[in-house]
Amino acid sequence: MPASRVPNSSIPDSPVEHLTPVNQFKRDLPLFGLSVWASRFKHLLCLVFPLTTLSFLITGLFIEKAPLSIMTNLIFTVPFWSVLIADWFCPQEKAAADTQHSSLFFNAILCVLTVIQFLNVFLMLDYVALLRWDTVDNSLIGLANLIGIRFLVGTSSGTSGIVLAHELIHRENRGWQSAGRLLLCTVYYEHFVITHKRGHHLNLGMPDDIATAKLGESFKDYWRRIYIGYFKYAWQSERERVAALNSNKAGLLQNQVVQGIAVETVLLIAIVTHWGWLAAFMFLYQAWVAVRILEAVNYFQHWGLEDGQFGNTYGWVCPSWISRYALIGLSHHIGHHQDENSRFYEIPYSDQGPMLPYGYFVMNLWVKLFNDSYQKMAVRELEKYQRSPCD
Ligand SMILES: [Zn+2]
């Protein structure tokens, strides 16, 4: 749906009055004395997954100097399950834009997240090279560590690396944009820049937007449609843009998709050469896991909203406090489409859309593991939104 179809006035000034309780189990933050802790450290929640992953890799590589035991691998997954459970109970956000901190503070968070994402991917390669396969015991430990790496690095790349890249590619500054594109190379998905900014943001909800999941479309079908579809769109779009530049010099090098493929290919060759085939496989595997997380989010953010058939809205509403801060504002998706240049901490909350019953972490698993039940819920919520009076 183009920006002009949803008037600015549809975004409420005060999110508090419009917040709809999702279910009776969800609690406001002041309960349990959490409010002080939450308001002080909420912006650091986005560091939990990447820091846990970094700690895992550093423990194995530099402290133990050996692959970690199966039990230690399990212990390092605890923060992930904790966030998932917290997201299930989903305390709701009651504040709008953050005015407590300067933009310097927020940019520092983005810099730290960027460094950690690169560190995690490169330390992972060293870690995989550390694994031994000469005895049965070593092979078992090796396998457990590969599963641990898949879980930790893949989830961190999907919930931090790509989310961070999304924030950076929307910045006007070329330096930030380049960092965003390089981050996307760590998950082999650089062409997402073109598909997302040129395709999704300009054609949201229209037939041309392949990123809007159709009513009744399963995640499996959506994934099959967009995984190649994104690339085709980006390739075609860049070919047309470069052709329109009317420059006969180095046309191919001006093509951003070609630039992305070049960097990703060099990266993969360097990994195979320096760390070997298993490291290269794990690099691609964590990238696949990360992109599946991103696309599950894209799937439920706009599911069933093509052609405005259930009313005017930019997307599904998510009031989860955990999702907002752990995913640097990603869950305020309506506000993001309202103004794609807003910084992550400035994006307002809006309830002008159908309501997700849980935060993004729970939804990510739900759409993949129990898609039929997700779709039943989604249709009910869409019909409820359609019946609700317009403000
Ligand atoms: Zn965007």
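## Crossing of helices H7 and H13

Helices H7 and H13 lie oblique to each other in this predicted model. Their axes come within 8 Å and cross at roughly 45 degrees, helix H7 spanning residues 136-169. An angle of roughly 45 degrees is classed as oblique because it falls neither under 35 degrees nor in the range of 65 to 115 degrees. The crossing in which H7 passes H13 is right-handed.

On the H7 side, the contact is formed by Leu146, Ile149, Arg150, Val153, Gly154, Thr155, Ser157, Gly158, Thr159, Gly161 and Ile162. These residues meet Met282, Tyr285, Gln286, Ala287, Val289, Ala290, Ile293 and Leu294 of H13. By class, the residues of this contact divide into 11 nonpolar, 7 polar and 1 charged.

## Overall composition

The secondary structure comprises 17 helices and 0 strands. Of the 391 residues in the protein, 41% are buried. Among contacts with a separation of 6 or more, 76% are between residues 24 or more positions apart.

## The largest nonpolar core

In soluble globular proteins, nonpolar side chains tend to be buried together. Here, the largest nonpolar core contains 87 residues, and those with the most contacts inside it are Met124 and Phe300. Helix H13, residues 277-302, supplies the largest share of this core, with 12 residues.

What does Phe300 contact beyond its neighbours within four places in sequence? Phe300 is in contact with Trp316, Leu356, Met363 and Val367. Two of these partners, Met363 and Val367, are listed among the buried residues of helix H16.

## Helix H16 and its surroundings

Helix H16 covers residues 360-369, and 7 of its 10 residues are buried, so this helix is largely enclosed by the rest of the structure. The buried residues are Tyr360, Phe361, Val362, Met363, Asn364, Trp366 and Val367.

Which helices do the buried residues of H16 pack against? Their partners are H5 (78-89), H10 (219-244), H13, H14 (321-326) and H17 (371-387).

## Packing of H9 and H10

Two packed helices are described by the angle between their axes and the distance between the axes. For helix H9 (residues 192-203) and H10, the angle is about 75 degrees and the axes are 8 Å apart. The two helices are therefore roughly perpendicular.

In this contact, H9 contributes Phe192, Ile194, Thr195, Arg198 and Gly199, which meet Tyr230, Tyr233, Ala234, Ser237 and Glu238 of H10. The contact of H9 with H10 has 5 nonpolar, 3 polar and 2 charged residues.

## Thr186 in the loop between H8 and H9

Thr186 occupies the loop between helix H8 (174-185) and H9. With 24 other C-beta atoms within 10 Å, Thr186 is buried, because 20 or more such neighbours define that class.

Beyond neighbours within four places in sequence, Thr186 is in contact with Gln117, Phe118, Val121, Ser157 and Gly161. Ser157 and Gly161 also appear among the H7 residues that meet H13. Thr186 and Val263 are 77 residues apart in sequence, and their C-alpha atoms are 9.9 Å apart in space.

## Non-glycine residues with positive phi

Is Lys65, which has a positive phi, buried or exposed? Lys65 is exposed, having 9 other C-beta atoms within 10 Å. Its phi is about 55 degrees, although Lys65 is not a glycine. Lys65 lies in the loop between helix H3 (48-63) and helix H4 (70-75).

Ile328 likewise is not a glycine and has a positive phi, of about 30 degrees. This residue belongs to the loop between H14 and helix H15 (333-338). Ile328 is buried, with 24 other C-beta atoms within 10 Å.

## Gln254 in helix H11

Gln254 is part of helix H11, which runs over residues 251-254. Gln254 counts as partly exposed, with 14 C-beta neighbours inside 10 Å.

Not counting residues up to four places away in sequence, Gln254 touches Val242 and Leu245. Gln254 and Arg239 are 15 residues apart in sequence, with a C-alpha to C-alpha distance of 9.5 Å.

Note on methods. Residues are numbered from 1 along each chain as its sequence is written. This is a predicted model: local features need pLDDT of at least 70, side-chain atom pairs count only at pLDDT 80 or more; totals for chains, interfaces and linings use all residues. A nonpolar core is a set of buried Ala, Val, Leu, Ile, Met, Phe, Trp, Tyr and Cys residues joined through C-beta atoms within 7 Å. A residue is buried if 20 or more other C-beta atoms lie within 10 Å of its own, exposed if 12 or fewer, and partly exposed in between; C-beta atoms are placed from the backbone. Helices (H or I, at least four residues) and strands (E, at least two) are DSSP runs, numbered from the N terminus. Two residues are in contact if their C-beta atoms, placed from the backbone, lie within 7 Å. Axes are lines fitted to C-alpha atoms, for helices over the stretch in contact, and angles run from 0 to 180 degrees between N-to-C directions. Angles under 35 degrees count as roughly parallel, over 145 as roughly antiparallel, 65 to 115 as roughly perpendicular and the rest as oblique. A crossing is left-handed if the near helix is turned anticlockwise from the far one by less than a right angle, and right-handed if clockwise. Ala, Val, Leu, Ile, Met, Phe, Trp, Tyr, Cys and Pro count as nonpolar, Asp, Glu, Lys and Arg as charged, and the others, Gly among them, as polar.
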